[in-house]
Amino acid sequence: MSSRSWFSRALLPWYRENQRPLPWRTSPDPYRIWLSEVILQQTRVDQGTAYWHRFVERFPSVSQLAKASEDQVLRLWQGLGYYSRARNLRTAAQQVVKEHGGQFPADHSTLLKLKGVGDYTASAIASICFGIPEPVVDGNVYRVLSRAFGIATPIDSTTGRKEFRGLAAELLSRAHPGDHNQAVMELGAMVCTPRNPRCDECPLARKCIAKAEGRIAELPVKASKTKTRTRHFNYLLIGAKSGIYLRKRTARTFGRGCGSCRWWRPRRRRRRHY
DNA sequence: GACGCGTGGTC
DNA sequence: TGACCAAGCGT
């Protein structure tokens, strides 16, 4: 048994000393944590924080969010991107009210059933709010672990995802899973950054394989190609002295899957990048 | 398992 | 200066 407690032993004190004072860290309220996790999916803290404030102010509880109209939620979400998150947010709030009496479920598998809650978000809520030892594996975790342990398995492969989740579970502090999970992500966001990591500030530096072997820039490894698509759009511009004509597209005029989009010619090319 | 989804930052 | 990335998820 290779004791890997050194990881958490080094990380937790660093986190307690260096964590940012983010507003959702003031209480373990599942509603507020869930809100922050959904907002932060593929979104930077700097961009999402103002939206988090808007939502907790306008909808202080999950039941109030559940009562909101879709338009209301989308208006509050405007500018954040990935708008299906906003629709799923409202749906999940309704699920919590109708299926759980307004209380968030406290286990990973039940959390997973909420719309817009995947493995990452379920683990984050379970560990942060309920102290359940579920490891989170996000982009930060892939980067920190691949470098610290010198793992070159592609993070976007099935075996890679399994390997990193297994390692994250092995490393996870059973006593403080929420802080541990947040600590790894905080390190990835503030110190072990994609480029120009601040290794001199890293509590794991002395044990970091990538640092010792000069492989920091190579890790983590991604296998998938990034594809660039060139699309050609044709626009019909209607000018009128009386102004601009706009109307809301509804399901009748805009199916999810635009059957009448035959006026553009897609062209695609693929490139490998290393 | 691959793909689409949005905006903003970084080099 | 286009490519890559950011606390992923649903289909």
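User: What makes Ser123 count as touching residues such as His108 and Arg165?

Analyst: Contact means heavy atoms within 4.5 Å. With residues up to four places away in sequence set aside, Ser123 touches His108, Glu134, Pro135, Val136, Arg165 and Asn181. The model is predicted, with local features needing pLDDT of at least 70 and side-chain atom pairs counting only at pLDDT 80 or more, while totals for chains, interfaces and linings use all residues. Residues are numbered from 1 along each chain as its sequence is written, chains are lettered from A and ligands numbered from 1 in the order in which they are written, and side-chain values use heavy atoms, with hydrogens and water left out.

User: Why is Ser123 called buried?

Analyst: Buried means under 20% relative accessible area, exposed means over 50%, and partly exposed lies in between (1.4 Å probe, protein chains only). Ser123 has 0% relative accessibility and therefore counts as buried.

User: What makes the pairing of Ser123 with His108 a polar contact?

Analyst: A polar contact is a pair of N or O atoms within 3.5 Å; within protein, one atom must be able to donate a hydrogen and the other to accept it, and residues adjacent in sequence count only if both atoms are side-chain atoms. The side chains of Ser123 and His108 are joined at 3.3 Å, so the distance satisfies the cut-off.

User: How is Ile125 classified, buried or exposed, and what does it touch?

Analyst: Ile125 also has 0% relative accessibility, so it counts as buried. Apart from residues up to four places away in sequence, Ile125 touches Trp34, Leu111 and Phe130. The C-alpha atoms of Ile125 and Arg32 are 9.8 Å apart, although 93 residues separate the two along the chain.

User: Why are Ser123 and Ile125 assigned to helix H8?

Analyst: Helices (H or I, at least four residues) and strands (E, at least two) are DSSP runs numbered from the N terminus. Ser123 is found in H8, and Ile125 has its place there too. By that rule chain A has 12 helices and 2 strands.

User: How do you know that helix H9 is mostly covered?

Analyst: In H9 (residues 139-148), 9 of the 10 residues are buried. Among them are Asn140, Arg143, Leu145 and Arg147. The elements covering these buried residues include helices H1 (5-18), H10 (158-171), H11 (177-190) and H12 (209-213).

User: What makes Asp138 a cap of H9?

Analyst: A side-chain oxygen of Asp138 lies 3.1 Å from the backbone nitrogen of Asn140, at the N-terminal end of H9. Just after H9, Gly150 takes a positive phi of about 60 degrees.

User: What makes a group of residues a nonpolar core, and which residues have the most contacts inside the largest one?

Analyst: A nonpolar core is a set of buried Ala, Val, Leu, Ile, Met, Phe, Trp, Tyr and Cys residues joined through side-chain atoms within 4.5 Å. The largest has 66 residues, and those with the most contacts inside it are Phe7, Trp34, Leu35, Leu145 and Phe149. Leaving aside neighbours within four places in sequence, Phe149 is in contact with Arg4, Trp6, Phe7, Leu167, Leu171 and Ile209.

User: What distinguishes a cavity from a pocket, and how many cavities of 30 Å³ or more are there?

Analyst: On a 1 Å grid over the protein atoms alone, a cavity is a set of points where a 1.4 Å probe fits but cannot get out, whereas a pocket is an open set with protein on both sides within 12 Å along at least five of seven lines; lining residues have an atom within 4 Å of a point. The count comes to 2 cavities of 30 Å³ or more. A volume is the space filled by probe spheres set on the points, which are joined across faces, edges and corners.

User: Which residues and which helix characterise the lining of the largest cavity?

Analyst: The largest cavity holds about 130 Å³ of space. Of its 14 lining residues, the closest to the centre are Arg147, Cys192, Cys199, Cys202 and Cys208. H9 gives the most to this lining, with 3 residues.

User: How much space lies in the largest pocket, and what lines it?

Analyst: About 2,000 Å³ lies in the largest pocket. It is lined by 47 residues, of which Gln42, Gly139, Asn140, Arg143 and Pro194 are the closest to its centre. H11 gives the most to that lining, with 6 residues.
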